[in-house]
Amino acid sequence: MAKAAPKDAIALLKADHRKVEGLFAQFEKAKAKDRKKSLADQICLELSVHTKIEEDIFYPACREDGVDDDLMNEAYVEHDGAKVLLREIEKGDPDGEYYDSQVHVLSEMIKHHVKEEEKKQGNMFAKAKKAGVDVKALGVQMADEKKRLTAEYKANGLPKPPTPTFQGTKLA
């Protein structure tokens, strides 16, 4: 069987976006508590890996090639806000008073973030391409790191996420 050609970085990130959108949609329809927990855990895993590869590989490359600092700073702050909810959801219980609301708010945050990256006029992905970011090479690197992190997080659990843009609040 032939190995699939590696995706460029932007295609990989967009595929992640679509996958998580689908998981959020399934969560909204789910009734059983164990199904909700399973979907929420999958959302937390997917977004934890996604934010890590963006922050460690894609965003630094964008900055290096001159993509707008304000746009990049906003992306980091959005990630840190999402990480707070990810941690709450991961540690939470579907019977908890705020659980469904936390997942719903996270979904809304991610929709906004995706719009900033790929849909809005002057979005990050378009600016990255225009700046000459090597999305092919980054895609290979990001795919490898995604595979490694997914296996690590499944084996060891999600790590405490860093929130470097938040000075007043640190995750416990």
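Let's start with cavities: in this predicted model, the count comes to one cavity of 30 Å³ or more. About 40 Å³ of space lies inside this largest cavity. If you'd like to find it on the screen, look for its lining: Leu 71, Glu 74, Ala 75, Glu 78, His 113, Glu 116, Glu 117 and Met 124. Two elements, helix 3 and helix 4, each give two or more residues to that lining. Which of them gives the most to the lining of the largest cavity? That would be helix 3, with four residues. And the character of the wall? Sorted by class, the lining of the largest cavity has three nonpolar residues, one polar and four charged.

Now, since those two helices keep coming up, let's see how they pack. Helix 3 covers residues 69-91, and helix 4 covers residues 99-119. Their axes are 10 Å apart, and the packing angle is about 160 degrees. Angles over 145 degrees count as roughly antiparallel, and therefore that is what we call helix 3 and helix 4 relative to each other. The crossing of helix 3 past helix 4 is left-handed.

Who meets whom here? On the helix 3 side we have Leu 71, Glu 74, Ala 75, Glu 78, His 79, Gly 81, Ala 82, Leu 85, Leu 86, Glu 88 and Ile 89. Facing them from helix 4 are Tyr 99, Gln 102, Val 103, Val 105, Leu 106, Met 109, Ile 110, His 112, His 113 and Glu 116. By class, this contact between helix 3 and helix 4 holds 12 nonpolar residues, five polar and four charged. You may recognise some names: Leu 71, Glu 74, Ala 75 and Glu 78 of helix 3 take part in the contact, and they also line the largest cavity. His 113 and Glu 116 of helix 4 likewise belong to the contact and to the cavity lining.

Last stop, friends: a pocket. The second largest pocket has a volume of about 200 Å³. It is lined by 16 residues, and the closest to its centre are Ser 48, Thr 51, Pro 159, Pro 161 and Pro 162. Which element gives the most to the lining of this second largest pocket? Here the answer is helix 2, with six residues. Helix 2 spans 33-64, and both helix 2 and helix 3 supply at least two residues of the lining. So much for position; as for class, the lining of the second largest pocket divides into seven nonpolar, two polar and seven charged residues.

That's my tour, and I'm happy to go back to any view you like.

How values were computed: Residues are numbered from 1 along each chain as its sequence is written. This is a predicted model: local features need pLDDT of at least 70, side-chain atom pairs count only at pLDDT 80 or more; totals for chains, interfaces and linings use all residues. Side-chain values use heavy atoms; hydrogens and water are left out. Axes are lines fitted to C-alpha atoms, for helices over the stretch in contact, and angles run from 0 to 180 degrees between N-to-C directions. Angles under 35 degrees count as roughly parallel, over 145 as roughly antiparallel, 65 to 115 as roughly perpendicular and the rest as oblique. A crossing is left-handed if the near helix is turned anticlockwise from the far one by less than a right angle, and right-handed if clockwise. Contact means heavy atoms within 4.5 Å. Ala, Val, Leu, Ile, Met, Phe, Trp, Tyr, Cys and Pro count as nonpolar, Asp, Glu, Lys and Arg as charged, and the others, Gly among them, as polar. On a 1 Å grid over the protein atoms alone, a cavity is a set of points where a 1.4 Å probe fits but cannot get out, and a pocket is an open set with protein on both sides within 12 Å along at least five of seven lines; lining residues have an atom within 4 Å of a point. Grid points are joined across faces, edges and corners, and a volume is the space filled by probe spheres set on the points.
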